[in-house]
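Reader: Hi, I have just opened this one and would like to go through it with you. Could you take my questions as they come?

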Amino acid sequence: MHAMIASPYDYRIHYKETGVVWKLSSLFLQHIPFDTKQIVFFCIGTDRSTGDSLGPLTGSHLSESRLFPFPVIGSLENPLHALNLQQHLDTCRETNPNAFIVAIDACLGKGSSIGELLFHSGPIQPGKAVGKDLPPVGDVSIKGIVNIGGFMEHAVLQSTRLHLPYEMSRVIARALQLAYNRQC
């Protein structure tokens, strides 16, 4: 864990809340060191499952922006998923051992929580909902609750409407870009 983070935190906000992009950018400014070039964004998920596409969609939005100078790993074109996650983590640790990793991934939750964005200190445990044992990722993590968890997770992720992760990914990407611009 980085020394920047004084204490653990856990925020949640609905992606349709009024002023969500500004509010999220303020949280990101407090907890992501945009003044350093050592940030790497790990956008986890796959384009083969609509419910698990939040990470790659966010990665595509960020990497298509010429005004966002940070490395982004994971996009619709080159997803960051269970089969290549460890390799990318190892490469990142070798090439940039001081990297501050921001992990972004979809997750499942209660029906009343669908559409909420979660931002907290500490790593994401990717693949947990579908029983995969993958390494924890991130100094901070951004998760989006895309559907209901607790029963037939693979089927739930496959049958999630694309509109929700797409809109949530736009909010996350815009908030991260705004936070960086406000830092400048």
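Reader: Why is the sulfur of Cys92 not in a bond with the closest cysteine sulfur?
Author: This is a predicted model, and in it the sulfur of Cys92 lies 13 Å from the closest cysteine sulfur, that of Cys43, which is too far for a bond. A disulfide would need the two sulfur atoms within 2.5 Å.

Reader: And what about the sulfur of Cys184?
Author: For Cys184 the closest cysteine sulfur is also in Cys43, but at 19 Å, so this pair is too far for a bond as well. The structure as a whole holds zero disulfides.

Reader: Are Cys92 and Cys184 buried or exposed?
Author: Cys92 is buried, with a relative accessible area of 8%, whereas Cys184 counts as exposed, at 66% relative accessibility.

Reader: Which residues are buried in helix α3?
Author: In α3, which spans residues 85–95, the buried residues are Leu85, Leu89 and Cys92. Seen down the helix axis they fall within an arc of 65°, so they line one face of α3. The face turned away from that buried side carries Gln87, Glu94 and Thr95, which are exposed.

Reader: What covers the buried residues of α3?
Author: The cover includes strands β2 (39–43) and β4 (100–109).

Reader: Changing topic, where does pLDDT stay under 50?
Author: That happens over residues 1–6, for which the model has 10 contacts beyond four places in sequence. Where pLDDT is low, the predicted coordinates should not be read in detail. The chain averages a pLDDT of 92, and 96% of the residues score at least 70.

Methods. Residues are numbered from 1 along each chain as its sequence is written. This is a predicted model: local features need pLDDT of at least 70, side-chain atom pairs count only at pLDDT 80 or more; totals for chains, interfaces and linings use all residues. Side-chain values use heavy atoms; hydrogens and water are left out. Buried means under 20% relative accessible area, exposed over 50%, partly exposed in between (1.4 Å probe, protein chains only). pLDDT is the predictor's confidence in each residue, from 0 to 100. Contact means heavy atoms within 4.5 Å. Helices (H or I, at least four residues) and strands (E, at least two) are DSSP runs, numbered from the N terminus. The arc is that of the directions from the helix axis to the C-beta atoms.
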